[in-house]
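Colleague: Before we talk, could you please show me the model and its sequence?

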Amino acid sequence: MKFLHTADWHIGQLFHEYDRTYEHQKFLDWLVETLYNEKIDVLLISGDVFDISNPSAQSIKMFYTFLNQATSKNPDLQIIITAGNHDSASRLEAPKPLLLSSKIQIIGLVEKDIEGKIDFEKLVVPIYDQDGKTKMYCLAVPFLRMGDYPFIPDCSNPYTEGVTALYKELFEYLQGIKLDNQAIIAMGHLHTHNAEITELDKTERLIMGGVECIPATAFHQDIKYVALGHIHKAQKIGGKEHVRYAGSPLPMSFSEINYKHQVVAFDLEDEMHNLKSIDIPLFVPLLRVPLNHKPLHDVIALLEQLPTSDEADKATIPYLEVRVFLEGPEPALRQKKVRLAKIDVRYPDSETLEHQLIPPEQLQELQPIDVFGKIYQTRYNSVVPEDILNLFQQVVEEVNQTSE
């Protein structure tokens with residue numbers, strides 16, 4: 001059987017406030033054709049289908065239109081979808097009753113019985129051959145929130161050890177019901193040890209409160225492939241060919257400007273073989289002008305050299321990051337006819353100043369303009385320009401008048 005692994009679509013995401021509907025639609029159209037051309041039997045989508053938990057009607061329609069087109073063009077295609085941390089688990093699972101007669105399985109929630117024990121049966125998805133017989137099983141584990149995984153008393157890391165225990169117990173449960181010739185694969189939406197992260201992945205970890213990492217050894221050695229999501233850079237983990245992130249299909253930040261996005265395809269019978277990466281076309285280019293920070297006048301000259309885009313399709317106009325070195329703050333920067341997404345500004349390194357503890361009596365003697373001057377000097381390594389100094393003084397006077 002032939003599998004295709006993808007994750008982290010983030011349908012509905014804005015790229016520096018620019019709508020990405022065109023890019024997501026082009027990716028999904030490309031994926032439908034790829035599934036057909038590669039003769040894929042099973043599609044694995046490892047979380048973060050949507051960018052927010054309450055996606056727009058347009059995003060939802062785009063996703064279910066894809067499911068319809070993919071299964072219509074490939075009638076034997078099986079699809080297994082797990083929820084990510086960006087998805088609403090219950091919302092993603094809502095259409096499950098309508099999909100009972102299809103070959104689409106959506107796993108968003110970790111359900112428990114009245115005694116609080118995990119219902120492992122709901123996390124196990126059988127994969128059928130062309131004769132309708134169970135060929136193998138998938139441990140379809142969604143993003144795990146606190147309370148989803150077993151509680152391990154007196155442990156040093158409740159998350160890491162709890163998630164590891166869930167995969168162990170789920171594997172042991174399946175061992176008790178499967179036949180000897182039935183292989184096992186697994187899915188997960190989590191952060192693993194030593195995973196290479198992109199700029200946006202760092203933000204993800206902060207949002208999640210700095211989640212702990214899961215070792216590759218958490219997945220039993222007899223699991224033939226582990227389809228991971230959450231990290232946006234495609235990679236194998238722990239030196240293991242069969243434990244992989246597919247990465248996001250679209251660039252999520254300018255740090256990925258030279259990075260080829262991809263999906264992962266492989267064959268699986270008794271063992272995995274013919275694993276390959278399939279590059280996804282870049283539907284909207286990313287531009288960085290200049291490649292390294294330069295003074296403002298040099299940057300403006302380079303921007304003037306950019307080709308005009310009056311007759312170009314607006315949906316394909318490149319996203320632009322401008323990298324400029326400033327001596328101080330600029331009131332405004334003008335843009336050419338590209339989609340200015342980000343201005344990456346750097347200032348001269350501030351002189352290293354010794355931090356001095358100011359006694360309360362001296363603090364009372366400092367005027368607001370003195371404090372402003374010290375902060376400006378620290379941040380921009382220069383004295384406050386006279387025009388900005390005058391504006392600040394006006395603000396101080398207006399505040400004083402209001403307080404009176």
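Colleague: Which residues does Ile127 touch, not counting residues up to four places away in sequence?
Modeller: This is a predicted model, in which local features need pLDDT of at least 70 and side-chain atom pairs count only at pLDDT 80 or more, while totals for chains, interfaces and linings use all residues. Residues are numbered from 1 along each chain as its sequence is written, and side-chain values use heavy atoms, leaving out hydrogens and water. With contact taken as heavy atoms within 4.5 Å, the partners of Ile127 are Met1, Phe3, Val42, Gln78, Ile80, Lys133, Thr134, Lys135, Met136, Tyr137, Cys138 and Ile185.

Colleague: Which element gives the most to the largest nonpolar core?
Modeller: A nonpolar core is a set of buried Ala, Val, Leu, Ile, Met, Phe, Trp, Tyr and Cys residues (buried being under 20% relative accessible area with a 1.4 Å probe, protein chains only) joined through side-chain atoms within 4.5 Å. The largest has 52 residues, and Ile127 is among those with the most contacts inside it. Helices are DSSP runs of H or I with at least four residues, numbered from the N terminus, and the one that supplies the most to this core, with 7 residues, is H5.

Colleague: How many residues are in the other core that lies apart from it?
Modeller: This other core includes Ile40, Val49, Met62 and Ile104. Its count of residues is 34.

Colleague: How far apart are the end C-alpha atoms of helix H1?
Modeller: H1 covers residues 21–37, and its buried residues include Phe27, Trp30 and Leu31. Because the expected span is 1.5 Å times one less than the number of residues, its 17 residues should span 24 Å, and this agrees with the distance in the model, 24 Å.

Note on methods:
Helices (H or I, at least four residues) and strands (E, at least two) are DSSP runs, numbered from the N terminus. Buried means under 20% relative accessible area, exposed over 50%, partly exposed in between (1.4 Å probe, protein chains only).
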